[in-house]
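This report looks at selected local features of one protein model. The sequence and the structure are shown first.

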Amino acid sequence: MFDVPADAGWAVPRPPIVTLRAGTPLEVGVPVLALLTFPVGKEVVTAAVTAAGRAVGHSLGLDLDLLLDAERASGEPAEVVVVPLGRADPPTRLLLLGAGRRDQAAWRAAGAAFARRAASASRAAVLADAETGVDAIGLRAFTEGLLLAAYRPLVAALTDGAAALTGDGDGDASDGTTDDRSKALREATIIVANPRDPELRAAVAVATVTSRAVHLARDLANMPSLVKSPEWFAARAVETARAAGLDAHVLGPTELAEQGFGGLAAVGAGSSRPPRLVRLSYDGAPASDPGCPRGRHVALVGKGITFDSGGLSLKPATSMAAMKTDMAGAAAVLATMTALPAMGVRDRVTGLLCLAENMIGGAAMRPGDVVSCWGGTTVEVLNTDAEGRLVLADGLAYAASLAPDAIIDLATLTGAITVALGRRTAGLFSSDDALASELFRAAQTAGEGLWRLPLVDEYRPALESGVADLANIGTALDVSGGSITAALFLREFTGGIPWAHVDIAGTARADSDDGEISKGGTGWGVRTLLAWLTS
């Protein structure tokens with residue numbers, strides 16, 4: 001068993017501090033104060049504030065009803081009317097935030113809009129009096145939207161690549177990074193009637209833990225691949241997992257070869273930075289009631305290609321530019337695992353991070369090679385750019401040998417899923433209807449788009465090979481459906497255990513800020529997995 005030493009240089013991201021308090025909004029003393037608005041009327045919809053909000057406006061010398069009418073505000077989700085107050089004492093700016101229908105999606109959108117408009121001030125407050133209708137569920141959604149939209153990427157110090165890796169240049173001496181998030185909201189106060197309400201306090205705490213995990217996944221995805229080798233990722237995984245109270249072990253290249261992880265070994269063979277397999281273990285929180293049944297054993301498997309050139313089946317240059325995020329599945333699994341102790345999850349969970357860099361080199365795997373994956377299944381490699389399924393084959397087969405009750409894998413697997421579902425919805429494939437339904441409901445609760453697609457058994461012959469058990473792409477029969485044939489390939493390694501595959505190739509990164517989604521790595525899947533594990 002090869003172990004990577006912990007590295008104290010990695011800064012685990014910290015979302016803004018969110019506190020609950022009672023009192024008069026003007027007493028908080030922050031530069032930015034926000035009031036919530038809601039749509040009223042049927043034929044002509046206009047925005048209105050609560051009586052408490054109206055009183056705040058009056059104390060500031062504002063008639064908010066007239067102001068909202070003049071702005072033709074609707075009160076719909078994420079609408080923001082900015083009012084400069086022109087005063088020396090805080091607040092110096094007032095935000096009127098639309099909360100719309102006041103369901104979870106609307107609260108999440110309002111929280112995100114608040115964070116983005118208040119970021120320049122670093123400290124802000126929002127009034128959520130009883131008339132706004134904010135309950136624990138709404139407060140959690142609002143806080144999550146706020147914390148996720150407040151994310152700012154870690155800045156990598158890469159003016160000298162060698163210095164970034166060895167610590168001989170600017171930035172952090174151990175991992176080539178600096179942590180400059182000064183242009184972000186740092187403290188947010190939510191003013192409620194009863195800040196000691198245990199349900200409200202729990203809602204903020206859960207939102208904070210969830211958001212911290214998403215921030216971690218985003219930081220990992222956004223890290224340039226010059227720094228983010230499989231070894232670097234493995235070291236960060238060990239450090240953050242052990243800090244969270246998890247067991248963490250790493251298999252290095254020698255152990256992978258000796259123990260038959262042929263998929264990982266083959267994919268990583270072309271790189272000077274060899275592959276790793278990280279195993280994380282969480283034993284589950286003890287039940288508060290001794291009579292409660294024991295939780296499930298769940299295995300989470302993440303694709304962790306730290307950079308994907310396509311190998312000898314080289315990608316076009318434009319497709320290669322974003323491939324530093326091809327490890328987003330492994331990042332989501334790691335981030336989810338680190339949140340389990342704080343969330344009190346009762347299930348026993350094993351996380352497997354399949355880490356490799358798919359590069360061109362003298363030892364790179366070739367089209368036509370036959371690879372023996374963990375457990376002995378042989379695969380003919382027809383396209384070296386279909387490498388994710390090879391590393392997942394090792395991870396899934398190994399996970400199945402642990403006899404869990406369910407296996408879930410997350411992977412930026414196919415471009416075809418983006419064609420089918422776009423950039424805000426991930427694809428779900430599953431061998432088990434109950435598991436698929438649970439994950440779909442969890443995604444709805446979490447606010448992440450997920451849609452189930454079929455495992456079409458008639459397409460399975462496309463994966464046949466004349467020289468191996470399987471081919472890694474479906475060419476033996478022209479069926480198209482690239483995402484489906486990829487999922488059918490993965491199913492071969494699950495040992496009949498209830499399994500779900502989530503293809504996040506479209507959702508793992510974003511080209512621009514959008515609500516609680518930030519440009520770059522999105523951390524997609526963390527919220528869904530945590531919602532499922534805590535349901």
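The sections below cover a helix, backbone angles, cysteines, salt bridges, a strand residue and a surface patch.

## Basis

The model is predicted. Residue numbers start from 1 along each chain as its sequence is written.

## Helix α1 and its cover

Helix α1 spans residues 51-59, and its buried residues are G53, V56 and G57. These residues lie on the same side of α1, because they cover an arc of only 100 degrees around the axis. The cover over them includes the strands β2 (32-40), β3 (46-49) and β6 (123-127), together with the helix α2 (64-70).

After α1 comes G61, which has a positive phi, near 80 degrees.

## Backbone angles in loops

Most residues other than glycine have a negative phi, and most peptide bonds are trans. R72 has a positive phi, near 55 degrees, and is not a glycine. R72 is located in the loop between α2 and β4, and it is exposed at 78% relative accessibility. A403 is likewise a residue other than glycine with a positive phi, about 55 degrees. Its place is the loop between α12 (388-401) and β16 (406-411). A403 is exposed, with a relative accessible area of 56%.

A cis peptide bond runs from P90 to P91, with omega near 0 degrees. P91 sits in the loop between β4 (80-84) and β5 (93-98).

## Cysteines

How many disulfides does the structure hold? The number is zero. For C354, the closest cysteine sulfur is that of C373, at 11 Å, which is too far for a bond. The reverse holds as well: the closest cysteine sulfur to that of C373 is in C354, at 11 Å, again too far for a bond. The cut-off for a disulfide is a pair of cysteine sulfur atoms within 2.5 Å.

Both of these cysteines lie out of reach of the probe or almost so by the figures: C354 is buried at 0% relative accessibility, and C373 is buried at 1%.

## Salt bridges

Side chains of opposite charge can pair when their charged atoms come close. The structure holds 22 salt bridges. One of the pairs is R116 with D513, where the closest N and O atoms are 3.5 Å apart. R116 belongs to helix α3 (residues 104-118) and D513 to the loop between β21 (509-510) and β22 (520-521), so this pair ties together parts that are 397 residues apart in sequence. Each partner is partly exposed: R116 has a relative accessible area of 24%, and D513 has 46% relative accessibility.

A pair within one helix is E144 with R140, whose closest N and O atoms are 3.1 Å apart. These two residues lie in helix α4 (residues 136-149), four residues apart, or about one turn of the helix. E144 is buried, with a relative accessible area of 5%, whereas R140 is partly exposed at 30% relative accessibility. R366 and D369 also form a salt bridge, with 3.4 Å between the closest N and O atoms. R366 is partly exposed at 46% relative accessibility. Elsewhere, R296, D347 and E438 are joined into one network by salt bridges that share partners.

## Strand residue S281

Strand β11 covers residues 276-282, and S281 is found in it. Is S281 buried or exposed? S281 is buried, with a relative accessible area of 18%, and the cut-off for buried is under 20%.

Which residues is S281 in contact with, leaving aside its neighbours within four places in sequence? The contacts are L246, D247, M337 and V349.

## A nonpolar surface patch

A nonpolar patch on the surface is formed by L312, L314 and I360. Together these residues have about 270 Å² of accessible area. L314 is part of the loop between β12 (297-308) and α10 (317-320).

Definitions and conventions:
Predicted model: local features only at pLDDT ≥ 70, side-chain atom pairs only at ≥ 80, totals over all residues. Heavy atoms only, no water. Patch = residues over 30% accessible without salt bridge, like charges linked within 9 Å, V, L, I, M, F, W, Y side chains within 5 Å. Areas by Shrake-Rupley, 256 points an atom, 1.4 Å probe, with all protein chains shown as cover. Salt bridge = Lys/Arg side-chain N within 4 Å of Asp/Glu carboxyl O. Buried < 20%, exposed > 50% of the residue type's maximum accessible area, 1.4 Å probe, protein only. Arc of directions from axis to C-beta. Contact = heavy atoms within 4.5 Å.
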